[in-house]
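Biologist: I have just opened this model and would love some help reading it. Could we go through it together, one question at a time?

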Amino acid sequence: VQLNGQAVLASKPVRTGDLLSYTPEPTPEPMVDGAWEMLLEQATLLAVNKPGNLPSHPGGRYLRHTLWWLLRAHLGHDPHLLNRLDRETSGIVLVARDGATAGRLQALWTSGQVQKDYLAVVQGFFPESVQAEGYLSAEPQSPVRKQRRFTTHDPGDSESASTHFRCLARGTSASLVLCQPVTVRLHQLRATLLGLGYPILGDKLYGGDPTQFLKFVEGTLSQAELTASGIARQALHAWRLTLPDLSTPGEQLAIIAPPPTDLTMLMAHHGLTMPVA
């Protein structure tokens, strides 16, 4: 980073007319699964099925290897992604073609008019139904700064979190759970399920041992460790969205993304049956 062509301290004041420049060294981006699928295409709105190893937005080591960049190439202009799925979460992403549509969709999202249904394969035998009301805050015991914890009491400096869970099937040692978030919080489903004692299979950060995530980032996680749970990523899928149809007032739009092969294979391994949409 240089100011007017010279290296300076971060405390150096920047004034009108100064030129701040950053020249990064060329760094190859990690490989991803770029095989996204179009689920719905309207004049102002798209819905796509994101694979389970593709970041949604540019960040860190990822720029061109992101859903945002791939959609930008497809559309010919910058897309507006409404829901930011984690890199390893597969499923539906809503995309607005323009800012005005993005604003309308965001208003529907924040006002609770969008029904969000996720599928998760979790460890253990999940109860029939759980209404999880609590708080999300930083996990002070974790070596990973961005990890959050779910608690039923307010520890301070937290966000309220509300999620309805329903068990769809129980297998040999795992359960298929329908997750319906009421609030929209970072890592809400993953942190809440860990807090309830039913971590998502394949979750490197919220699977019970966050050092797995650190090893994965460092590139030292072995193939055996990566696939020990039966899936190489977190078994979480944005399965179904129901929302008002912007193109037809008064009508509802139901969008479904069938679970990908890695998830259906994991379910079959545990004797879990996919529900009828």
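Modeller: Happily! This is a predicted model, so-called local features need pLDDT of at least 70, side-chain atom pairs count only at pLDDT 80 or more, and totals for chains, interfaces and linings use all residues. Residues are numbered from 1 along each chain as its sequence is written, and side-chain values use heavy atoms, with hydrogens and water left out.

Biologist: Let me start with Asp78: what is its relative accessible area, and how is it classed?

Modeller: Buried means under 20% relative accessible area, exposed over 50%, and partly exposed in between, with a 1.4 Å probe and protein chains only. Asp78 has a value of 41%, so it is partly exposed.

Biologist: Which side chain meets that of Asp78 in a salt bridge?

Modeller: A salt bridge here is a side-chain nitrogen of Lys or Arg within 4 Å of a carboxyl oxygen of Asp or Glu. For Asp78, the N to O distance is 2.8 Å. The partner is partly exposed, at 33% relative accessible area, and its name is Arg72.

Biologist: How many residues apart in sequence are the parts that Glu41 and Arg97 tie together?

Modeller: The side chains of Glu41 and Arg97 meet in a salt bridge, 3.0 Å from N to O. Strands are DSSP runs of E with at least two residues, helices are runs of H or I with at least four, and both are numbered from the N terminus. Glu41 lies in strand β3 (residues 37-41) and Arg97 in the loop between β6 (90-96) and α2 (99-110), so the parts tied together are 56 residues apart.

Biologist: Is Glu128, the salt-bridge partner of Arg170, buried or exposed?

Modeller: The closest N and O atoms of Arg170 and Glu128 are 3.3 Å apart. Arg170 is partly exposed, with a relative accessible area of 38%. At 54% relative accessibility, Glu128 counts as exposed.

Biologist: Which residues have the most contacts inside the largest nonpolar core?

Modeller: A nonpolar core is a set of buried Ala, Val, Leu, Ile, Met, Phe, Trp, Tyr and Cys residues joined through side-chain atoms within 4.5 Å. The largest one has 50 residues, and those with the most contacts inside it are Val121, Phe126 and Phe165.

Biologist: And how many residues does the second, separate core have?

Modeller: Its members include Leu94, Ala102, Leu108 and Leu253. In soluble globular proteins, nonpolar side chains tend to be buried together. The count for this second core is 17 residues.
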